[in-house]
Amino acid sequence: MKYFVVDAFSRQKYRGNPAAVCLQEGYMSDVEMQLFAAEFNLSETAYLQLLADGHYRLRWFTPLT
């Protein structure tokens, strides 16, 4: 799975809140997504999954919920 760590809520480098953005290539259960979020241990971990119609499904988790 490809992932990026980005500075969310800021237009300046090294400001804002660090967040993980994961490009989901296949099915992941809620448990798996939660485990990854806990491992990243950032305020948010977002999962983007490309759907067949060209839209994206977005889910996000904190390290605990």
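Start with the outer side of helix α1: Val31, Leu35 and Glu39 are exposed there. Exposed means over 50% relative accessible area, buried means under 20%, and partly exposed lies in between, with a 1.4 Å probe and protein chains only. Helices are DSSP runs of H or I with at least four residues, strands are runs of E with at least two, and both are numbered from the N terminus.

A word on the source. This is a predicted model, where local features need pLDDT of at least 70, side-chain atom pairs count only at pLDDT 80 or more, and totals for chains, interfaces and linings use all residues. Numbering starts from 1 along each chain as its sequence is written, and side-chain values use heavy atoms, with hydrogens and water left out.

Back to α1. Which of its residues are buried? Met33, Gln34 and Ala37. Down the helix axis, the buried residues fall within an arc of 100 degrees, so they line one face of α1. That arc is taken over the directions from the helix axis to the C-beta atoms. The buried residues pack against β2, β3 and β4. Just after α1 comes asparagine 41, with a positive phi near 55 degrees.

Now the whole chain. The protein has one helix and four strands. From the N terminus, the order is β-β-α-β-β. The C-alpha trace spans about 35 × 25 × 15 Å along its principal axes. Of the 65 residues, 25% are buried. Take the contacts, meaning heavy atoms within 4.5 Å. Among those with a separation of 6 or more, 33% join residues 24 or more positions apart.

Next, the sheet. It is open, with four strands in the order β1-β2-β3-β4 and mixed pairing. β1 (2–8) and β4 (56–61) are the edge strands, each pairing on one side only. Two strands count as paired if DSSP finds at least two bridges between them. On average, neighbouring strands are turned by 25 degrees against each other, direction ignored. Helix α1, residues 30–40, packs on this sheet and touches β1, β2, β3 and β4. The direction of α1 makes about 55 degrees with that of β4. For these angles, axes are lines fitted to C-alpha atoms, for helices over the stretch in contact, and values run from 0 to 180 degrees between N-to-C directions.

How do β2 and β3 run, parallel or antiparallel? Parallel: six bridges join β2 (residues 17–24) to β3 (residues 44–50). Valine 21 stands opposite alanine 46 in β3.

On to the core. What makes up the largest nonpolar core? Six residues: Cys22, Met28, Met33, Ala37, Tyr47 and Phe61. A nonpolar core here is a set of buried Ala, Val, Leu, Ile, Met, Phe, Trp, Tyr and Cys residues joined through side-chain atoms within 4.5 Å. In soluble globular proteins, nonpolar side chains tend to be buried together.

Look at phenylalanine 61. Leaving aside neighbours within four places in sequence, its contacts are Asp30, Met33, Gln34, Ala37, Ser43, Glu44, Thr45 and Tyr47. One of those is threonine 45, which sits in strand β3. Threonine 45 is buried because its relative accessibility is 0%. Beyond four places in sequence, threonine 45 touches Ala20, Cys22, Ala37, Phe40, Arg59, Trp60 and Phe61.

Another buried polar residue to check is glutamine 24, in strand β2. Glutamine 24 counts as buried because its relative accessibility is 10%. A polar atom of its side chain lies 3.1 Å from the backbone oxygen of glycine 26. Past four places in sequence, glutamine 24 contacts Met33, Tyr47, Leu48 and Gln49.

Now the backbone outliers. Most residues other than glycine have a negative phi, and most peptide bonds are trans. Phenylalanine 9 has a positive phi of about 65 degrees, although it is not a glycine. Phenylalanine 9 lies in the loop between β1 and β2. It is exposed, at 71% relative accessible area. Tyrosine 14 is found in the loop between β1 and β2. Tyrosine 14 also has a positive phi of about 65 degrees, and is not a glycine. Its relative accessible area is 75%, so tyrosine 14 counts as exposed.

Last, the tail. Threonine 65 is in the segment after β4. Is threonine 65 buried or exposed? Exposed, at 61% relative accessible area. Threonine 65 and glutamate 44 are 21 residues apart in sequence, and 9.8 Å apart in space, C-alpha to C-alpha.

Notes:
A polar contact is a pair of N or O atoms within 3.5 Å; within protein, one must be able to donate a hydrogen and the other to accept it, and residues adjacent in sequence count only if both atoms are side-chain atoms.
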